[in-house]
Amino acid sequence: MRHSALSTKFVSVLALFAFLSVMMAPITLAQESEPYQEEGSTASEAGLGVSSFLLTIPYGVTKVAFALAGGIVGGLAYLFSGLDDQPAKKIWTTSMYGTYIITPDHLKGNKAVRFLGVPEEEAQQF
């Protein structure tokens, strides 16, 4: 029994380390500049494409789960506020709007990643 708990913890730590390594790889690659590669070269673009795909998987799953939870909480807020849609809309906007897919532009820093949504009137100010 003790051996099973120890191996479960080891596998969990190993999986967390692998996940964090994948999350940090694009940052590390972006900081290293190789003088023989031109910005926008095929290899560079392919690397950014693969990195954005690999980052989108865990990020997208987390964002979708957050949006679903926000949808449920917003629905409950709508019901418990006496069918007032203002509190529910604030919850829905914050949880459901935002970035769902990481693109190469996000990794280059040309576009901001917004996990939380911004109401339309505030988004126009930026």
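The exercises below, each with a worked solution, concern a predicted model.

**Exercise 1. Overall make-up**

Task: State how many helices and strands the protein has, and what share of its residues is buried.

Solution.
1. The protein contains five helices and zero strands.
2. Along the sequence this gives the pattern α-α-α-α-α.
3. Of the 126 residues, 18% are buried.
4. The exposed area is about 9,500 Å², with 67% of it supplied by carbon and sulfur atoms.
5. For contacts between residues at least 6 apart in sequence, 58% join residues at least 24 apart.

**Exercise 2. Classifying the aromatic pairs**

Task: Find how many aromatic pairs the structure holds, and describe the geometry of each.

Solution.
1. Two aromatic pairs are present.
2. In one of them, the ring centres of tyrosine 59 and phenylalanine 115 are 5.9 Å apart and the planes stand at 75°. Angles over 60 degrees count as edge-to-face, so this pair is edge-to-face.
3. That pair links distant parts of the chain: tyrosine 59 belongs to helix H2 (residues 42-80), while phenylalanine 115 is in the loop between helix H4 (104-108) and helix H5 (120-123), 56 residues apart.
4. Phenylalanine 66 and phenylalanine 115 also form a pair, with 5.0 Å from centre to centre and 45° between the planes, and it is tilted.
5. This pair likewise links distant parts of the chain, as phenylalanine 66 is in helix H2 and phenylalanine 115 in the loop between H4 and H5, 49 residues apart.
6. Tyr59, Phe66 and Phe115 form one aromatic cluster.

**Exercise 3. Accessibility in the cluster**

Task: Decide whether tyrosine 59, phenylalanine 66 and phenylalanine 115 are buried or partly exposed.

Solution.
1. Buried means under 20% relative accessible area, and partly exposed runs from there to 50%.
2. Tyrosine 59 has 15%, so tyrosine 59 is buried.
3. Phenylalanine 115 has 27%, so this residue counts as partly exposed.
4. Phenylalanine 66 has 32%, and is therefore partly exposed.

**Exercise 4. A charge over rings**

Task: Identify the rings over which lysine 63 lies.

Solution.
1. The charged end of lysine 63 sits over the ring of phenylalanine 115, at 5.1 Å from its centre.
2. Lysine 63 also lies over the face of tyrosine 100, 5.2 Å from the ring centre.

**Exercise 5. The setting of threonine 93**

Task: Describe where threonine 93 is placed and what its side chain reaches.

Solution.
1. Threonine 93 is in helix H3 (residues 85-96).
2. Its relative accessible area is 15%, so threonine 93 is buried.
3. The side chain of threonine 93 reaches the backbone oxygen of lysine 89 at 2.8 Å.
4. Apart from neighbours within four places in sequence, threonine 93 is in contact with Gly117, Val118 and Pro119.

Note on methods
Residues are numbered from 1 along each chain as its sequence is written. This is a predicted model: local features need pLDDT of at least 70, side-chain atom pairs count only at pLDDT 80 or more; totals for chains, interfaces and linings use all residues. Side-chain values use heavy atoms; hydrogens and water are left out. Helices (H or I, at least four residues) and strands (E, at least two) are DSSP runs, numbered from the N terminus. Buried means under 20% relative accessible area, exposed over 50%, partly exposed in between (1.4 Å probe, protein chains only). A polar contact is a pair of N or O atoms within 3.5 Å; within protein, one must be able to donate a hydrogen and the other to accept it, and residues adjacent in sequence count only if both atoms are side-chain atoms. Contact means heavy atoms within 4.5 Å. Accessible areas come from the Shrake-Rupley method with a 1.4 Å probe; for residues, only the protein chains shown count as cover. Rings of Phe, Tyr and Trp (its six-membered ring) pair if their centres lie within 6.5 Å; planes under 30 degrees apart count as stacked, over 60 as edge-to-face and the rest as tilted. A charge sits over a ring if NZ of Lys or CZ of Arg is within 6 Å of the ring centre and within 35 degrees of the ring normal.
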